[in-house]
Amino acid sequence: MDETLITTLSEGAAAIGIRLGPAELDRFATYHRDILLWNRRINLVSERSALEIVIRHFLDSLTPAPFLDRPDGALIDLGSGGGFPGIPLRIALPGLQLSLVEASRKKSSFLSHAVRTLRLDGVQVIRKRVEELTAWENLAGRFDTLISRAAFKLPDLIRTASFFLKPGGQLIAMKGPDPQEEMEETERISEAAGMVFTACRAVRPPGADSLRKIIIYNRVFR
């Protein structure tokens with residue numbers, strides 16, 4: 001990334017409440033370069049602009065960071081695609097233990113490459129469909145946080161979150177500006193799924209045109 005992009009990323013992260021030092025900025029620069037290279041062969045992101053990747057993917061992925069109960073806990077990112085939001089969160093929060101779930105072979109290959117290249121310790125890539133993972137007993141109740149960025153509808157996330165989360169663990173769903181219909185549908189099933197609504201935060205990623213809604217549920221203690 002050139003200096004303008006680095007400044008945009010650094011100042012944008014600071015506006016969210018995250019300080020990125022030289023080591024973190026270097027990792028983001030490497031990640032940015034690899035996204036552009038791999039995007040020529042596989043569809044990782046629709047944006048072709050280097051600046052758009054910084055704003056619409058890196059900074060957007062960092063917006064949930066202030067709401068994490070356990071920034072040093074175990075986080076599972078469902079439908080990670082090109083690594084969003086999991087990899088930017090892990091770069092910014094080095095204590096995070098991260099699992100990236102992506103069913104696409106090509107995208108999961110990119111994720112494995114990124115984890116190696118960025119030397120992200122404590123990160124695993126799982127190439128499976130989410131419904132397959134609910135048969136893995138070693139993943140049951142293992143995670144402090146489950147996060148997903150617009151990869152699944154909220155009712156589907158609620159139905160699977162209680163399997164992955166520890167009691168009290170967080171589900172963080174990153175949604176567009178108007179998720180009201182999904183939230184109303186989820187309200188009818190959340191109790192049976194063992195999840196309770198905690199908050200809905202409206203945020204605007206630095207430099208972005210539209211709002212992002214961050215919807216938070218917690219797994220109940222029982």
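Reader: On the other side of α8 from its buried residues, which residues are exposed?
Author: Glu181 and Glu187 are exposed there. Keep in mind that this is a predicted model.

Reader: And which residues of α8 are buried?
Author: Glu182, Met183 and Thr186. Viewed down the helix axis, these buried residues fall within an arc of 100 degrees, so they line one face of α8.

Reader: What covers them?
Author: The cover includes α7, β5 (165–175), β6 (195–203) and β7 (212–219).

Reader: Take α7, then. How do the axes of α7 and α8 cross?
Author: At roughly 40 degrees, with the axes of α7 (residues 154–164) and α8 (residues 180–187) coming within 8 Å. An angle between 35 and 65 degrees counts as oblique, so α7 is oblique to α8.

Reader: Which residues make that contact?
Author: From α7, Leu154, Pro155 and Ile158; from α8, Glu182, Met183, Glu185 and Thr186. By class, four are nonpolar, one is polar and two are charged.

Reader: Changing topic: how many residues are in the largest nonpolar core?
Author: 47 residues. Tyr31, Phe58, Leu62, Ile87 and Phe110 have the most contacts inside this core. Helix α3 (residues 50–62) gives the largest share, six residues.

Reader: What does Ile87 touch, leaving aside neighbours within four places in sequence?
Author: Ile87 is in contact with Tyr31, Leu98, Leu100, Leu111, Ala114, Leu118 and Leu120.

Reader: What about the second core, which residues does it include?
Author: That core is separate and has 23 residues, among them Ala74, Leu146, Ile158 and Ala173. Ile158 is also one of the α7 residues in the contact with α8.

Key: Residues are numbered from 1 along each chain as its sequence is written. This is a predicted model: local features need pLDDT of at least 70, side-chain atom pairs count only at pLDDT 80 or more; totals for chains, interfaces and linings use all residues. Side-chain values use heavy atoms; hydrogens and water are left out. A nonpolar core is a set of buried Ala, Val, Leu, Ile, Met, Phe, Trp, Tyr and Cys residues joined through side-chain atoms within 4.5 Å. Buried means under 20% relative accessible area, exposed over 50%, partly exposed in between (1.4 Å probe, protein chains only). Helices (H or I, at least four residues) and strands (E, at least two) are DSSP runs, numbered from the N terminus. Contact means heavy atoms within 4.5 Å. Axes are lines fitted to C-alpha atoms, for helices over the stretch in contact, and angles run from 0 to 180 degrees between N-to-C directions. Angles under 35 degrees count as roughly parallel, over 145 as roughly antiparallel, 65 to 115 as roughly perpendicular and the rest as oblique. Ala, Val, Leu, Ile, Met, Phe, Trp, Tyr, Cys and Pro count as nonpolar, Asp, Glu, Lys and Arg as charged, and the others, Gly among them, as polar. The arc is that of the directions from the helix axis to the C-beta atoms.
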